[in-house]
Amino acid sequence: MDEVARQPSVQESAWRLLKGLRPRAVDLARLALIQQQPAEWLAQPDHLVTLLPQLGLNDEGLAEFPPALHGSCGQGLRIWQYPIQFGPYLAQLARLQVRSYLELGIRHGGSYLATVALLERFRPLDFAVGVDIIPCAAMTEYQAINPRSRFACLNSQSAEFTALLQQYGTVDLVFIDSHHEENQCRREFAALVPYANMIAFHDISNIGCPGIAKVWQEIKALPGWTCHEYTEQYPGLGPYMGIGLAIKNSRLDELG
Ligand SMILES: C[S@@+](CC[C@H](N)C(=O)[O-])C[C@H]1O[C@@H](n2cnc3c(N)ncnc32)[C@H](O)[C@@H]1O
């Protein structure tokens, strides 16, 4: 086919857009709000729902956030999550004694930094890896504070991602929050299954991401996994976002 006449695929256009995005610095000092709290306090979902806006939320999808949270957007860690969903999800993680963490799609670092800081109030992680196709300004600074953390700037659809997983062998928990497109999400899940004990997904109930909802329904029907959902909504919006957590039954058995 004539290369000049060829139209870019949806995937190619999306990746071009992503590579045009610029990373923003985040305020790592906000992590102290997690580090100074007793572990028992952090295990309470309601406490986390209140704490997350204080850590700072992202402002790139402001219309999806309720007006009451707008004052927290574009601040601090720039977490791109709904506190009413992410709070109960993190509280569940607090009960799982997570050993290592990989987040696929970290943007400014928000949810990755908050998750790692919270998990480490319960147990030091063996390692934590943030993965994104675009650079993340916060990660170099954070690695200097937390040497167990590293950033891998790569495409989840490349052989480099498989090599990264092979290097670690097993990752206890993975959070997939990347391109939000059905085929990519399905491929990411398939790539992770041999390596991950627990896999969480973002946007399982987002009206704009029907493909992720479809993949999530497929996963819920698989044998050998126990699934949890965190999909509460703010009145008058969405439905947006939504987190699903799939845990291998063999991993749950270890908890007793
Ligand atoms: C919604 S943002 C992540 C938000 C972040 N988890 C948070 O809550 O603060 C999605 C990220 O996925 C990344 N991404 C999309 N496709 C990717 C791919 N194929 N490989 C790696 N990262 C990808 C984008 O660059 C973007 O930074």
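Here is a short chat about salt bridges in this predicted model.

Colleague: What should I keep in mind before we start?

Modeller: The model is predicted, so local features need pLDDT of at least 70 and side-chain atom pairs count only at pLDDT 80 or more, while totals for chains, interfaces and linings use all residues. Residues are numbered from 1 along each chain as its sequence is written, and side-chain values use heavy atoms, with hydrogens and water left out.

Colleague: Why is the contact between Glu-60 and Arg-107 called a salt bridge?

Modeller: The term asks for a side-chain nitrogen of Lys or Arg within 4 Å of a carboxyl oxygen of Asp or Glu. Here the N to O distance is 2.5 Å, so the pair fits the rule. It links distant parts of the chain, 47 residues apart.

Colleague: Why is Arg-107 called buried?

Modeller: Buried means under 20% relative accessible area, exposed means over 50%, and partly exposed lies in between (1.4 Å probe, protein chains only). Arg-107 has 12%, so it is buried. Its partner Glu-60 has 36%, so Glu-60 counts as partly exposed.

Colleague: And what makes Asp-126 exposed?

Modeller: Its relative accessibility is 51%, so Asp-126 counts as exposed. Asp-126 meets Arg-123 in a salt bridge at 3.6 Å, N to O. Arg-123, at 26%, is partly exposed.

Colleague: How do you know that Lys-220 forms a salt bridge with Glu-229?

Modeller: Their closest N and O atoms are 2.7 Å apart. Lys-220 is partly exposed at 36%, and Glu-229 is partly exposed at 38%.

Colleague: How many salt bridges does the rule give?

Modeller: The count comes to 12. Nice questions!

Conventions: Helix = DSSP H or I, 4+ residues; strand = E, 2+ residues; numbered from the N terminus.
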